[in-house]
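Trainee: I would like to go through this structure with you before I return to the bench. Could we begin with the strands?

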Amino acid sequence: MKKNEQIIKVKVNQAELLITEIFKKKSCHTNEAETISKRLCLSNLKGHDSHGIVRVPRYCEWIDEKRVYPNKDHKIILDSGPLAIIDANQGFGQVMGEKSVVEGVKRAKKHGISLIGLKNSGHLGRIGDWSELAADKGMVSLHFVNVRGSLLVAPFGGSDRRGSTSPLSIGVPVKGEKHIILDMATSTVAEGKALVAQKGGKKLPIGALVDQFGNLTNDTEALYGKIGPDDVPNPDKGSGAITAFGMHKGSGINFMMEILGGALTSNDVCGVNHSEIRPFANGMLSIFIDVEKFVDIEYFAEEVKSYSNFVRSSPPAKGVDNVLIPGDNEQIIFEDRSKNGIPIAREAWDLIKNTAKKINVSEINRFEEAIIN
Ligand code: NAD
């Protein structure tokens, strides 16, 4: 096996320490560095590696390029009862996402419901994080997100990039049970999955991409252009696109993410045409509903539980082990990885360590102890 194909397992507490040190060196206050690190590691623990620690080198570059700023304060630019808009001022999404949920929960506790717009946020990572935080406080929540400055997705029937991978998350607290969390990009695949396929990993399904001539394909050249074995794939180089999920209906949902997460929050939509590159930022429109102010909490929990079990008990189709509901897969992976560590490509781990070395994180070699095998 070539070195760059080697998968290692890393102890999550060690990874968290290393990544905290990296962001402290990049001048984040300790609390901020710990929050970024914790949330990236949690993404790996939940199985969303594309939004986990692999992002560390890119986040550090973004600080250098002034695309995201450490220690930024947010500003509430609309403050009206259950409604608020928060300007994140290009601060870290991991911190701003938390602030947004705190604001939404506070207002929903008072009014039963709240609507929070978050604009100019650094990368918000795994959007399911925000549904989970809200569910911890007894809130059903819905999050509509756009990715300004990240044109990657073709609309149904189109052949070039007009949208972003715009994620959607809906979280439901269930008294006495794990929360139910739907968390999904509204593109057929996340860009991270195309990257894995380009590197010889799991192939994309045909139709995940579309080339510039409108042919549905799984050939990653459509996204990255022609690249040599040592080139780093760059989605700006391709002339095709990722497709929106779910045919015309999914494409409509992808479209609405841009309107809700981009226009209604005043974050701006992701791009008007290829000549206008807007700086990267997530926008997020969130609705928080205080369940117990709306419906009997015991009744709600019983209905959710019985429906969940009804769906899970569908006889599995050929080749399927178990029928799952939203969030089950993440929970299964979480239980395994919490015990056994998080898998990561050796190359990606070395890149994180090299990032640390370059900025003189001390005793870097002690983090080799993080490797389980
Ligand atoms: P995915 O396809 O792995 O999962 C999507 C949903 O399907 C989840 O709710 C999951 O619980 C459910 N699911 C998975 N397997 C299932 C099964 N067998 N049966 C039933 N349900 C199942 O997720 P994705 O679309 O690749 O998104 C990956 C992550 O990327 C998400 O955390 C998302 O928030 C994040 N993301 C973030 C941004 C950003 O700009 N911040 C942009 C795009 C995506």
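Mentor: One definition first: two strands pair if DSSP finds at least two bridges between them. Please also keep in mind that this is a predicted model.

Trainee: Understood. In which sense do β3 and β4 pair?

Mentor: Strand β3, residues 83–87, runs parallel to β4, and the two are joined over 5 bridges. Within that pairing, L83 has L115 of β4 as its bridge partner.

Trainee: And how many residues of β4 are buried?

Mentor: Strand β4 spans residues 113–121, and 7 of its 9 residues are buried. β4 also pairs with β12, this time in the antiparallel sense, over 7 bridges. There, I113 stands opposite I289 in β12.

Trainee: What else pairs with β12?

Mentor: Strand β5, residues 139–148, pairs with β12 in the antiparallel sense over 10 bridges. The bridge partner of V140 in β12 is I289, the residue that also stands opposite I113. Strand β12 itself, residues 281–290, is mostly covered, with 8 of its 10 residues buried.

Trainee: Where do the side chains point in a regular strand?

Mentor: As a general rule, they alternate between the two faces of the sheet.

Trainee: What is the strand order in the open sheet?

Mentor: That sheet has 4 strands in the order β6-β11-β9-β10, with mixed pairing. β6 (153–154) and β10 (216–217) stand at the edges with a single partner strand each, so one side of each has no neighbour in the sheet. Strand β9, residues 209–210, pairs with β10 in the antiparallel sense over 2 bridges, and L209 stands opposite T217 of β10.

Trainee: Let us turn to the ligand. Which residues come nearest?

Mentor: There are 21 residues around the ligand, and D183, A185, K193, G327 and E330 come nearest.

Trainee: How far is the polar side-chain atom of D183 from an oxygen atom of the ligand?

Mentor: The distance is 2.6 Å for D183. A side-chain N or O atom of E330 also lies 2.6 Å from an oxygen atom of the ligand. G125 uses its backbone instead: an N or O atom there is 3.0 Å from a nitrogen atom of the ligand.

Trainee: How much of the ligand does the protein bury?

Mentor: The protein buries 78% of the 870 Å² that the ligand exposes when taken alone. Two elements, β8 (180–185) and α10 (328–340), each give two or more residues to the shell around the ligand. β8 gives the most, with 5 residues. By class, the shell has 9 nonpolar, 8 polar and 4 charged residues.

Trainee: A change of topic: how many disulfides does the structure hold?

Mentor: It holds 0 disulfides.

Trainee: Why is there no bond at C41?

Mentor: The closest cysteine sulfur to that of C41 is in C60, 14 Å away, which is too far for a bond. C60 has C28 as its closest, with 8.4 Å between the sulfurs, again too far for a bond. For comparison, the cut-off for a disulfide is within 2.5 Å.

Trainee: Are those two cysteines buried or exposed?

Mentor: C41 is buried, at 1% relative accessible area, and C60 is buried as well, at 5%.

Trainee: One last residue: where is S131 found?

Mentor: S131 is in helix α5, residues 128–136. It counts as buried because its relative accessibility is 0%. Its C-alpha atom is 7.5 Å from that of H143, which is 12 residues away along the chain.

Notes
Residues numbered from 1 in each chain as written. Predicted model: local features only at pLDDT ≥ 70, side-chain atom pairs only at ≥ 80, totals over all residues. Heavy atoms only, no water. Buried < 20%, exposed > 50% of the residue type's maximum accessible area, 1.4 Å probe, protein only. Near = heavy atom within 4 Å. Polar contact = N/O pair within 3.5 Å; in protein donor to acceptor, adjacent residues only side chain to side chain. Areas by Shrake-Rupley, 256 points an atom, 1.4 Å probe, with all protein chains shown as cover. Nonpolar A, V, L, I, M, F, W, Y, C, P; charged D, E, K, R; others polar.
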